[in-house]
Amino acid sequence: MEPAHALTATAGADDWPDPVEVLNEHGGSPVVLLCEHASNALPAEYGRLGLPEEELSRHIAWDIGAAEVTRGLSAALDAPAFLGTLSRLLVDLNRPFEAPSAMPALSEATSIPGNVGLGAAERERRRRRVFDPYHARVAAHLDRRAAGGRTTVLVTVHSFTPVFLGVARPWHAGVLFERSAALAEALIRRLSADGMLNVAANEPYKVERESDYAIPVHGTDRGLSAALLEIRNDLIDTPDGVAAWVERLAAVLPDAVAETVPGGSGAGSTTK
């Protein structure tokens, strides 16, 4: 497994990669994984959006360690996974497209010159090239599962900074939810069982329809149990840290799903 910082900051020779990387699409798990902030890559034509290269290694450009955790969980659980392949600075896949934070001119305290004064044509281009294809692929997969009568639990994987705008965050992880309180509580209880971790509900953020996309649209609106996992990024910025969290989550997710989701204890149909 590569170190969590090893993704490149510019896209490959094809310039515009497919905006979604799909793993294990026909996996048997009831869990479907999303990782919208998996990459800090940018198409070559955008340069670095006017930023110094080192800025693209920060949380403002991607969720450090989240892709590696998602890949590990996909393999451990036999779960499908959908990873974004371009930086959240180009367009944030977990924001409503109309939200100002979808293509931020300011992220945390950092100005993003390449996003200042975006016109309608450029915004539409990013929607057409990145946002819509990613979510259409996820939606099509969820549609097929529903048509096949498969149980589906949506889990999205994110990471957060230990300090935000000068304020320390005490949590090791958070479990965010909109309607799926039972699933979130079961996950928190299991992750916290040995007393070693500080895991909280709806920290360090809350799921809100005005600023979140995946849980409300792909989860709540479909009537699916859905949770967003936030892991503090200094805990998953090395291969050992990633491996520890993959092992931990792979041990608790199936039991939490089985406890709280009807039909969640089995793999369900494997119809492709």
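**Close-up 1. Aspartate D92 and its surroundings.** With a relative accessibility of 2%, D92 counts as buried, because buried means under 20%. This view, like the others here, comes from a predicted model. To find D92, look in the loop between β3 and β4 (106–107). Which residues does D92 touch, leaving aside its neighbours within four places in sequence? The contacts of D92 are H37, S101, A102 and F131. For a sense of scale, try L197: D92 and L197 lie 105 residues apart along the chain, and 29 Å separates their C-alpha atoms.

**Close-up 2. The open sheet and its order of strands.** Here we step to a sheet of seven strands, which is open and has mixed pairing. Reading across, the order is β1-β3-β2-β6-β11-β9-β10. The edge strands are β1 and β10 (199–201), each of which pairs on one side only. From one strand to the next, the twist averages 20 degrees.

**Close-up 3. Strand β3 between β1 and β2.** Strand β3 covers residues 81–84, and in the order of the sheet β3 sits between β1 and β2. How many bridges join strand β1 (residues 20–23) to β3? There are four bridges, and β1 and β3 run antiparallel. One pair to look for is V22 with its bridge partner F82 in β3. Turning to strand β2 (residues 31–35), we find that β2 and β3 pair in the parallel sense, over three bridges. In this pairing, C35 stands opposite L83 of β3. Now follow the side chains of β3: A81 and L83 point one way, while F82 and G84 point the other way. Are these four residues buried or exposed? All of them are buried.

**Close-up 4. Strands β9 and β10.** This view moves to the edge strand β10 and its pairing with strand β9 (residues 173–176). Strands β9 and β10 run parallel and are joined by three bridges. Within that pairing, V175 has A201 of β10 as its bridge partner.

**Close-up 5. Helix α1 across the sheet and against α5.** Start with the strands: α1 lies across β1, β2, β3, β6 (153–160) and β11 (225–232). Relative to β2, the helix α1 runs at about 160 degrees. Next comes the meeting of two helices, α1 (residues 66–77) and α5 (residues 239–260). Their axes come within 9 Å and cross at roughly 45 degrees, which makes α1 oblique to α5. The crossing of these two helices, α1 and α5, is right-handed. On the α1 side, the contact is made by E68, V69, G72, L73, A76 and L77. On the α5 side, the residues are V242, V246, L249, A250, L253 and P254. Sorted by class, the contact of α1 with α5 has 10 nonpolar residues, one polar and one charged.

**Close-up 6. Helix α3 against helix α5.** A further view shows helix α3 (residues 181–191) packing on α5 at an angle of about 140 degrees, with the axes 9 Å apart. The two helices, α3 and α5, are therefore oblique to each other. Is the crossing of α3 and α5 left-handed or right-handed? The crossing is right-handed. From α3, the residues in the contact are A182, L183, A186, L187, R189, R190 and L191. From α5, they are R248, L249, V252, L253, D255, A256, V257, E259 and T260. By class, this contact of α3 with α5 has 10 nonpolar, one polar and five charged residues.

**Close-up 7. Backbone details in three loops.** The last view visits three places along the backbone. In the loop between α1 and β3 we meet D78. Phi of D78 is near 60 degrees, a positive value in a residue other than glycine. At 37% relative accessibility, D78 counts as partly exposed. In the loop between β7 (163–164) and β8 (167–168) lies L165. Phi of L165 is also positive, near 50 degrees, and L165 too is a residue other than glycine. With a relative accessible area of 56%, L165 is exposed. Finally, look for P204 in the loop between β10 and α4 (214–219). What kind of peptide bond joins E203 and P204? The bond is cis, with omega about 0 degrees.

Notes. Residues numbered from 1 in each chain as written. Predicted model: local features only at pLDDT ≥ 70, side-chain atom pairs only at ≥ 80, totals over all residues. Heavy atoms only, no water. Axes fitted to C-alpha atoms, helices over the stretch in contact; angles between N-to-C directions. Parallel < 35°, antiparallel > 145°, perpendicular 65-115°, else oblique. Left-handed = near helix turned anticlockwise from the far one by under 90°. Contact = heavy atoms within 4.5 Å. Nonpolar A, V, L, I, M, F, W, Y, C, P; charged D, E, K, R; others polar. Buried < 20%, exposed > 50% of the residue type's maximum accessible area, 1.4 Å probe, protein only. Pairing = 2+ DSSP bridges.
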